[in-house]
Amino acid sequence: MKNNKINYLDFQKIDIRLGTIIDSREYNELRKPSILLKIDFGKDIGIKKSSAQLQQNYKASELINKQVIAVVNFEPKQIGKIFSEVLVLGLPDENNEPILLSPKIKLKNGIKLY
């Protein structure tokens with residue numbers, strides 16, 4: 001791993017927030033099937049869309065009401081026919097497939113990681 005150190009001001013530029021998935025559906029039109037998510041980040045940020053390659057570990061229906069952590073200040077990225085507005089965060093399992101970062105207890109949508 002390279003030693004690409006950043007300073008604290010660089011870290012503060014990344015807006016990482018908590019949101020609740022309010023809609024989720026399979027999106028199989030891509031080379032690697034994904035799940036389309038609508039995530040509620042509270043009144044200040046609102047509802048944002050994301051496409052995430054989660055089908056190895058999750059069913060779309062079981063993601064409803066799950067709280068997730070996401071970067072909310074990236075430029076929107078076109079993925080197939082949709083635009084992904086946020087980047088949900090996860091860690092790789094033993095097969096290098098994402099496991100979503102999620103708090104154990106319910107917290108307020110929109111709170112910022114610090």
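The largest pocket holds about 380 Å³ of space. Its lining comprises 21 residues. Ser51, Ile79, Ser84, Val86 and Leu87 are the closest of these to the pocket centre. The model is a predicted one.

Several strands contribute to this lining. At least two lining residues come from each of β3 (47-52), β5 (77-79), β7 (87-88), β8 (90-92) and β9 (98-100). In terms of residue class, 12 nonpolar residues line the largest pocket, together with 6 polar and 3 charged ones.

Ser51 links the pocket to strand β3. The residue is part of that strand, and it is among the lining residues closest to the centre of the largest pocket. Its relative accessible area is 13%. Buried residues have under 20% relative accessible area, so Ser51 is classed as buried. Between Ser51 and Val68 the separation in sequence is 17 residues. In space, their C-alpha atoms are 13 Å apart.

A nonpolar patch was identified on the surface. Ile105, Leu107 and Ile111 make up this patch, which covers about 260 Å². Ile111 belongs to the segment after β9. Strand β9 itself spans 98-100 and supplies at least two residues to the lining of the largest pocket. The relative accessibility of Ile111 is 36%. This value falls between the limits of 20% for buried and 50% for exposed, and Ile111 therefore counts as partly exposed. Patch residues need over 30% relative accessible area, a cut-off that the 36% of Ile111 satisfies.

Two asparagines stand out in their backbone geometry. Asn65 has a phi near 75°, a positive value in a residue other than glycine. Asn65 sits in the loop that joins β3 to β4 (67-71). With a relative accessibility of 57%, above the 50% limit for the exposed class, Asn65 counts as exposed.

Asn96 also is not a glycine, and its phi is positive at about 65°. This residue is placed in the loop between β8 and β9. Both of those strands supply at least two residues to the lining of the largest pocket. The relative accessible area of Asn96 is 60%, and the residue is therefore exposed.

Taken by accessibility, the residues examined fall into three classes. Ser51 in strand β3 is buried at 13%. Ile111, in the nonpolar patch, is partly exposed at 36%. Asn65 is exposed at 57%, as is Asn96 at 60%.

Key. Residues are numbered from 1 along each chain as its sequence is written. This is a predicted model: local features need pLDDT of at least 70, side-chain atom pairs count only at pLDDT 80 or more; totals for chains, interfaces and linings use all residues. Side-chain values use heavy atoms; hydrogens and water are left out. On a 1 Å grid over the protein atoms alone, a cavity is a set of points where a 1.4 Å probe fits but cannot get out, and a pocket is an open set with protein on both sides within 12 Å along at least five of seven lines; lining residues have an atom within 4 Å of a point. Grid points are joined across faces, edges and corners, and a volume is the space filled by probe spheres set on the points. Helices (H or I, at least four residues) and strands (E, at least two) are DSSP runs, numbered from the N terminus. Ala, Val, Leu, Ile, Met, Phe, Trp, Tyr, Cys and Pro count as nonpolar, Asp, Glu, Lys and Arg as charged, and the others, Gly among them, as polar. Patches are made of residues with over 30% relative accessible area and no salt bridge: like charges are joined within 9 Å, nonpolar side chains (Val, Leu, Ile, Met, Phe, Trp, Tyr) within 5 Å. Accessible areas come from the Shrake-Rupley method with a 1.4 Å probe; for residues, only the protein chains shown count as cover. A salt bridge is a side-chain nitrogen of Lys or Arg within 4 Å of a carboxyl oxygen of Asp or Glu. Buried means under 20% relative accessible area, exposed over 50%, partly exposed in between (1.4 Å probe, protein chains only).
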